[in-house]
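Here are some notes for a first reading of the structure. They take up how the copies of the chain are related, what they share, and one pair of helices.

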Number of protein chains: 4
Amino acid sequence: MNVRVGVIGVGMIGQDHIRRITQVLTGGSVTAVNDVDAARAGQVAAVLPGASVHATAQDLIADGNVDAVLVASWGPAHEEQVLAAIGAGKPVFCEKPLAPSSAACQRIMDAEMATGRRMVQVGFMRRYDAGYRAMKAALDGASLEGDGLGAPLLMHCAHRNPSVPDYGFTTDMIISDSAVHEIDVVRWLFGEEIAAASVLRPRRSGRAAADMQDPLVLLLEMASGVLVDDELFLNAQYGYDVRGEIVGETGTVALADVSEVTVRTANRHGGRVPVDWRDRFIRAYDAELQDWLNAVAAGTSTGPGSWDGYAAAAVTGSCLEALRSGQRTPVTLAERPEFYAKAL
Amino acid sequence: MNVRVGVIGVGMIGQDHIRRITQVLTGGSVTAVNDVDAARAGQVAAVLPGASVHATAQDLIADGNVDAVLVASWGPAHEEQVLAAIGAGKPVFCEKPLAPSSAACQRIMDAEMATGRRMVQVGFMRRYDAGYRAMKAALDGASLEGDGLGAPLLMHCAHRNPSVPDYGFTTDMIISDSAVHEIDVVRWLFGEEIAAASVLRPRRSGRAAADMQDPLVLLLEMASGVLVDDELFLNAQYGYDVRGEIVGETGTVALADVSEVTVRTANRHGGRVPVDWRDRFIRAYDAELQDWLNAVAAGTSTGPGSWDGYAAAAVTGSCLEALRSGQRTPVTLAERPEFYAKAL
Amino acid sequence: MNVRVGVIGVGMIGQDHIRRITQVLTGGSVTAVNDVDAARAGQVAAVLPGASVHATAQDLIADGNVDAVLVASWGPAHEEQVLAAIGAGKPVFCEKPLAPSSAACQRIMDAEMATGRRMVQVGFMRRYDAGYRAMKAALDGASLEGDGLGAPLLMHCAHRNPSVPDYGFTTDMIISDSAVHEIDVVRWLFGEEIAAASVLRPRRSGRAAADMQDPLVLLLEMASGVLVDDELFLNAQYGYDVRGEIVGETGTVALADVSEVTVRTANRHGGRVPVDWRDRFIRAYDAELQDWLNAVAAGTSTGPGSWDGYAAAAVTGSCLEALRSGQRTPVTLAERPEFYAKAL
Amino acid sequence: MNVRVGVIGVGMIGQDHIRRITQVLTGGSVTAVNDVDAARAGQVAAVLPGASVHATAQDLIADGNVDAVLVASWGPAHEEQVLAAIGAGKPVFCEKPLAPSSAACQRIMDAEMATGRRMVQVGFMRRYDAGYRAMKAALDGASLEGDGLGAPLLMHCAHRNPSVPDYGFTTDMIISDSAVHEIDVVRWLFGEEIAAASVLRPRRSGRAAADMQDPLVLLLEMASGVLVDDELFLNAQYGYDVRGEIVGETGTVALADVSEVTVRTANRHGGRVPVDWRDRFIRAYDAELQDWLNAVAAGTSTGPGSWDGYAAAAVTGSCLEALRSGQRTPVTLAERPEFYAKAL
């Protein structure tokens, strides 16, 4: 079966997903596009044989040639678009955040539950990364290396970006745009919620914009007591480097360096550090969207869903409050509905 | 464009390519199958919607619903099938060997040249492996790490398989089935032909079948003098491990270990060694066949071709002679036709 | 010159230093021993040709055949013994802690300053470890790898021990006996004092004694704002593993794994994790004591001194208070006397 | 006991051993020196309190204040000096080669056997390197990692030097000065003799002197059939890099990289490659000479001895013949005397 996808928002990430569906993955095609910038939508559609351009997201969702909707617009627009797709009975893949507030995410969950079936996948692509998958397999004892990690106690994370623009990227965005990836992935790795968060302010890098506190360190306390520390360093200069080590009662598992080759020159041996997020996670994006296309074709839903989007929004909110107050801040979550029992 | 592929030979590798075309790659479909085992062909076709089963390879090649042919039958049948595809004007992807003898490969080249266009891709998938690609990029100075390797002087290779069946796998097959991968990949890495070969017989492993000389060491002398040593160890037990290091005048580049995670347990830290060739090279097979589908759709040919199949057959022949004689054995090659000037 | 050393306290660490002086290092001999357990002192002296046994530490210090004193008794006895050695004008090497309280350390500093010369070295042996030395060299830009780390912003540490006895080892001791090593080494690495400390309580390991909170995470804030997180896990089971990574504005430097060989067996590649602290740091202990012998012979003092012992005691006190209160706790230090200007 | 050492030959290596005995090791002192350059001998002795300068090696050997002799003169003088020390009943440490020819080494063995006790240690310091020791322990199954290597079948070695002088260093010296280290160490690792040798001439590096064939590849066949390939590359530019991997029936063990820290800068992660042989092997030299001093003090002999010097000379001779002839060359050894039964 071929899944006909309508794409709302054709900026960088939207265009990248279109390229993925049309040139890399199997089982999907792009039949419609919409963007707040109509000219851009037209340019993108021009090289997609048979694709329509719609003036509004609502029109696109209503299009009979659209089986499923991919939302890659800006965050504040997500709630209305996702609700519309749910209302139209069309599966929707929504880039993070599902919605900027946990209240908005709650409204999406309500609408989805009213339909009686899971229709929403959120773009938390790290769950599809081979490294995190191997880490989870080791933790769950399902792999050769998994022998003897014991119960998890701690996790050390680092999320380093070479740089961000001097203007437009705020300290808050370090949490809402970057840390949100660890926020989701630790929930998935440990199969439990985050109970509280703190934010520490280390010495500032002189490479960061004057009004930006970079790096930050997040402390996330899982419901079981597992403590996660997460270094977020958006101007680390040397490369894009995402690291993680889970410490269990009897062993540890860490993301490995991902260089294909080792070079020896000039009294140094070593490998490559990725240049950017694309270089590091492109396969995870591919796997994520292929999984969604397969699930849509099969009439199921397997990836991170609305509950995950809701929980991420709640934790992000607590982190932002902790950033402002300097205090440890509990995370308040509604009780998880039975409907989302398998969401984690 | 969708390339309709007819598959000749639906054993393990043929079925794997069918899975790849139908479930992983984009731009292709399988519309016809043939196998010497008609029952097997029928079973495979049964789960391929709309695919025909043909009684003979010739019938399949003649099928109007077949745009391109994938040959995954046994080696002795390749020449006839590839020639038939060329004769029908249909692009052909042929698993290694192109043909068992260099004379047979020569006949294929003659037929292909008579058509005036490149129609054959040979299944040397290592050229599509991310590790070898990064190695070549470093050698060619095209990557960050490439600075300063200088001219290549030596290459050390190892090709270790956990085990092979006690019956049916001969010492000759270590060269024709295993070493042939290094034979092709060093030609590609260095952009030149192999001039002579020697075969050494180290101490035998007690894990090898009684009549099998395992491991072997091949010495391949490139035209420029670059010396390649290649350990072939088919019963290495501990895993599937393909390694390589090129030594240049001012630095070296080596394939890195490919584990996604590092585990620390029981006084040991380290990563995973692949279980088998599939585990190690599955992405290379995917990339290889996607490249072929793209090339067929574009009416071009970009991968390893008939000349590469011919050269590999000639070097394999010299290695087998060296194995028998214990002597250094020159490789005799025809002059490379202008038609294949970009073949390497 | 041969330095004649009197050793006070001949338990495990005292005996190890005696072995070191007599069998490994150059320029020293052990001429006198004392221990609260007179029988043990006698047994140790019996195999040291010409060594005297003294009934009291004071007698040993007064011995004309003793040029310098090594204090390896238990912590509460250190102050009196170090003061006595200073009073006798004899250089003294004192195992950590210099004294259990910062007030006691202050009294030692006062006595030392009164003599007008540096006479005390404290047993912070990590400063002599090749790994930490290379790390400091990289940070200071003095090594090949040092290019471009920039100003330090963060440090991640882990201190993992396979296990500690179920009885006798308390949660407080995780700080006073284990974390004290990181407390000293970060002061040395960054060349500045620790301004505040917090202690976090992650999920407890089921392998720890019932009344022990293991692991702990310390947060140490350097005067400049550099933030150090330090995982202390005394029952980590898998080995003795001390790790550290300094994150600078433009790069990072980390302690490397220290295995001499890499083994490939059973689908795994990797190296050894040290069995215990001796396995990991034996060379650092050798270097530390050789440096002290050399300094004594030269009439100088080069290693960590009384101020370092004082600062470590003050930070340890703040950490213990933070452990009890759960609050971030500032470190209160006297102004550093000019006399100790080069102490760090 | 203090071993009073007389040093014959106080060039670079002789002076380094003097520094070692006087400033690093325990249990020895240098009481006499001799050199063909009398002025140099005088300068060296001037900073050794109480050391005599002797006009001839014979005088030094006869000196009543000399308990043991260290020969660090040039190779052609070794035979006469070692024989004189044996004649005087004084233990002797002789830098490699024991003597330039196997016939000369045979004369030394004859003289030593006539005394009835082992008196000679040859300076094959790699046996004392922590890496090779861990490798041998793994091979012998005596270490944690040793599980399951099985019988050894192959060994891959590389011996890379950044550069050698354009004048004075010949192709023959690659074998007699560099390869001799691998020649000894593989005999020790495998506990057996080398039966035959071949020498291959890869493409020459443009960085080598015009008349020098660099790199070379040696093929050494152990008596059991274990095959050793040894890359010798004396102008490798990028650093001093000694590597080795033993391939057993069920696993492999390799020398690990020896960097103390890992650095991440400029899109690269990795460690340091040693600058020169001193940087790489200084600890092995220390351990070697300490072992000799201990053995002399104990009246025993534990290190590599005359038989090892003899075997190395014989294999070196065969390699040089193989270099000239281009042919595989058997190694001819006398039967090993019972006297040297524990020599390997």
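1. The model is predicted. Chain A can be superposed on chain D by a rotation of 180° with a shift of 0.0 Å along the axis, and the RMSD is 0.0 Å. That is how a two-fold axis relates two copies, so chain A and chain D are related in this way. Within chain A, Gly270(A) has the C-alpha nearest this axis, at 1.9 Å.

2. Which surface does each copy use in this pair? Chain A and chain D use the same surface: 100% of the contact residues of chain A recur in chain D. Each side brings a stated number of residues to the contact, 20 from chain A and 20 from chain D.

3. Chain A and chain D bury about 1,700 Å² between them, and carbon and sulfur atoms give 39% of that area. On the side of chain A, the three residues that supply more than any other three are Arg264(A), Asn267(A) and Arg268(A), with 44% of the area that chain A buries against chain D.

4. Now the pair of chain A and chain C. A rotation of 180° with 0.0 Å of shift along its axis also puts chain A on chain C, with an RMSD of 0.0 Å. Here too the same surface serves both copies, as 100% of the contact residues of chain A recur in chain C.

5. How many residues of chain A are in contact with chain C? There are 37 residues of chain A in this contact, and they meet 37 residues of chain C. The area buried between chain A and chain C is about 2,800 Å², with 63% of it on carbon and sulfur atoms. In chain A, the most area is lost to chain C by Leu153(A), Arg203(A) and Glu249(A), which together make up 22% of what that side buries.

6. The last points concern two helices inside chain A. Helix α6 of chain A covers residues 130–139 and helix α7 of chain A covers residues 171–190; their axes come within 10 Å and cross at roughly 30°. An angle under 35 degrees counts as roughly parallel, so α6(A) is roughly parallel to α7(A). The crossing of α6(A) past α7(A) is right-handed.

7. Which residues make the contact between these helices? From α6(A) come Tyr132(A), Arg133(A), Met135(A), Lys136(A) and Leu139(A), and from α7(A) come Val185(A), Trp188(A), Leu189(A) and Phe190(A). Sorted by class, the contact of α6(A) with α7(A) holds 7 nonpolar and 2 charged residues, and no polar ones.

Key
Residues are numbered from 1 along each chain as its sequence is written. Chains are lettered from A and ligands numbered from 1 in the order in which they are written. This is a predicted model: local features need pLDDT of at least 70, side-chain atom pairs count only at pLDDT 80 or more; totals for chains, interfaces and linings use all residues. Side-chain values use heavy atoms; hydrogens and water are left out. Axes are lines fitted to C-alpha atoms, for helices over the stretch in contact, and angles run from 0 to 180 degrees between N-to-C directions. Helices (H or I, at least four residues) and strands (E, at least two) are DSSP runs, numbered from the N terminus. Angles under 35 degrees count as roughly parallel, over 145 as roughly antiparallel, 65 to 115 as roughly perpendicular and the rest as oblique. A crossing is left-handed if the near helix is turned anticlockwise from the far one by less than a right angle, and right-handed if clockwise. Contact means heavy atoms within 4.5 Å. Ala, Val, Leu, Ile, Met, Phe, Trp, Tyr, Cys and Pro count as nonpolar, Asp, Glu, Lys and Arg as charged, and the others, Gly among them, as polar. Copies are superposed by least squares on the C-alpha atoms of residues with pLDDT of at least 70 in both. Buried area is the accessible area (1.4 Å probe) that two parts lose on being put together, summed over both.
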